[in-house]
Amino acid sequence: EGNLILAIETSCDETSAAVIAEGHKVLSNVIASQITTHQIFGGVVPEIASRKHMESITAVVDRALQEAQCTWSDITAIAVTKGPGLVGALLVGVAYAKGVAMAREIPLVGVHHIEGHIYANFLQKPQLEFPLLCLVVSGGHTHLIHLIDHGKMKIIGSTRDDAAGEAYDKIARALGLGYPGGPLIEKIAQEGDPARYDLPRAWLKDSYDFSFSGLKSAVLNMLNRAKLKGEEIDKASLAAAFQNSVVDVLVEKTCDAAKELQVPTVLLAGGVAANNYLRQRLQKALQGQGQELIVPPLELCTDNAAMIGCAGYYRLQKGERAGSDLNGQANLPL
Ligand code: KG4
Ligand code: ZN
């Protein structure tokens with residue numbers, strides 16, 4: 001009782017603030033999306049993202065406090081994303097967090113963005129027991145991570161080129177669907193026949209690493225060839241074939257790793273974890289080998305501050321504190 005963390009996330013194109021009670025209860029989770037601003041450019045423009053964060057951070061935090069029905073004096077600590085991400089965007093959150101922590105003389109902690117995604121699973125599920133395996137699939141990262149304890153994790157596989165979400169976004173753009181591409185591909189794929197197009201899968205035998213650039217090139221080549229020949233492409237079926245390719249590899253590698261590590265429970269995290277086709281395929285495959293899949297609620301899969309508050313809670317519990325030298329770091333290792 002009496003533990004109220006104000007969390008802030010500004011690593012990419014969402015300005016978000018949340019109030020978390022006792023590390024797990026989401027009292028508020030305000031997300032101001034910049035998507036409509038970046039849409040006209042077909043992707044996130046870093047300078048615009050940074051300026052938009054500056055314009056909205058104060059109002060977003062005020063609303064988070066208001067929705068949580070608390071005031072500044074109730075807040076006992078601040079958690080903020082310190083990286084990785086767009087450095088100008090990160091700096092807005094970090095500077096704001098440092099300012100309020102200093103002014104109110106309360107503890108401050110910096111959180112790794114990917115750790116935040118993983119901890120979206122611990123919100124409302126504090127009873128999760130280690131060891132765990134987590135498949136992290138976001139716009140910037142694709143990792144298989146062995147979670148040994150709070151703050152103790154080991155990356156056992158990573159993408160060697162594009163992240164899964166990045167591949168979704170690039171293919172959506174090539175298909176003329178728009179940004180962000182993940183949800184748009186998922187939607188159009190439902191009307192397609194994945195068997196209509198034959199696409200490659202990068203298995204990278206004897207490794208838990210991933211590669212999606214070959215698949216991306218295969219789709220782009222197919223689109224170019226069709227254009228040159230004046231042939232019609234069945235976009236829904238191509239999207240379905242692409243999605244099958246991505247999900248086949250994600251599911252097989254996660255199941256292999258789960259079997260090898262003998263973890264009873266597997267977690268899914270990151271923006272692509274909002275994909276229902278992936279959620280269902282992975283859940284079924286893991287169930288088939290006697291393992292359980294835990295997924296965050298849809299709204300906690302993509303970027304949000306609540307997940308940062310939960311990850312920050314465990315770091316604060318261990319006595320971790322950030323000083324006035326806390327900085328945003330574009331490339332922050334996990
Ligand atoms: O975690 P996130 O919000 O931001 C990063 O940390 O990158 O992830 C954003 C990514 C984007 O690439 C977006 O296209 C993808 O997650 N995404 C999805 C879905 N929803 C978001 N990909 C596939 N299916 C979805 N339903
Ligand atoms: Zn993210």
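How do the residues of the shell around ligand 1 divide into nonpolar, polar and charged? The views below address this point and the packing of a neighbouring element.

**View 1. Composition of the shell around ligand 1 in the predicted model.** The shell comprises 6 nonpolar, 11 polar and 3 charged residues (Ala, Val, Leu, Ile, Met, Phe, Trp, Tyr, Cys and Pro count as nonpolar, Asp, Glu, Lys and Arg as charged, and the others, Gly among them, as polar). In this predicted model, local features need pLDDT of at least 70 and side-chain atom pairs count only at pLDDT 80 or more, whereas totals for chains, interfaces and linings use all residues. Residues are numbered from 1 along each chain as its sequence is written, while chains are lettered from A and ligands numbered from 1 in the order in which they are written.

**View 2. Residues and domains around ligand 1.** Ligand 1 is surrounded by 20 residues, the closest being Gly139, Gly165, Gly182, Gly271 and Asn275 (C-beta atom, placed from the backbone, within 6 Å). H6 gives the most to this shell, with 4 residues (helices are DSSP runs of H or I, at least four residues, numbered from the N terminus). Because domain 1 (4–120 + 301–317) and domain 2 (132–295) both give residues to the shell, ligand 1 lies between them (bounds from an automatic or database domain assignment).

**View 3. Contact of H6 with H8.** Ile185, Glu186, Ile188 and Ala189 in H6 meet Lys235, Ala236, Ala239, Ala240, Phe242 and Gln243 in H8 (C-beta atoms, placed from the backbone, within 7 Å). These contact residues divide into 7 nonpolar, 1 polar and 2 charged.

How values were computed:
Contact = placed C-beta atoms within 7 Å. Helix = DSSP H or I, 4+ residues; strand = E, 2+ residues; numbered from the N terminus.
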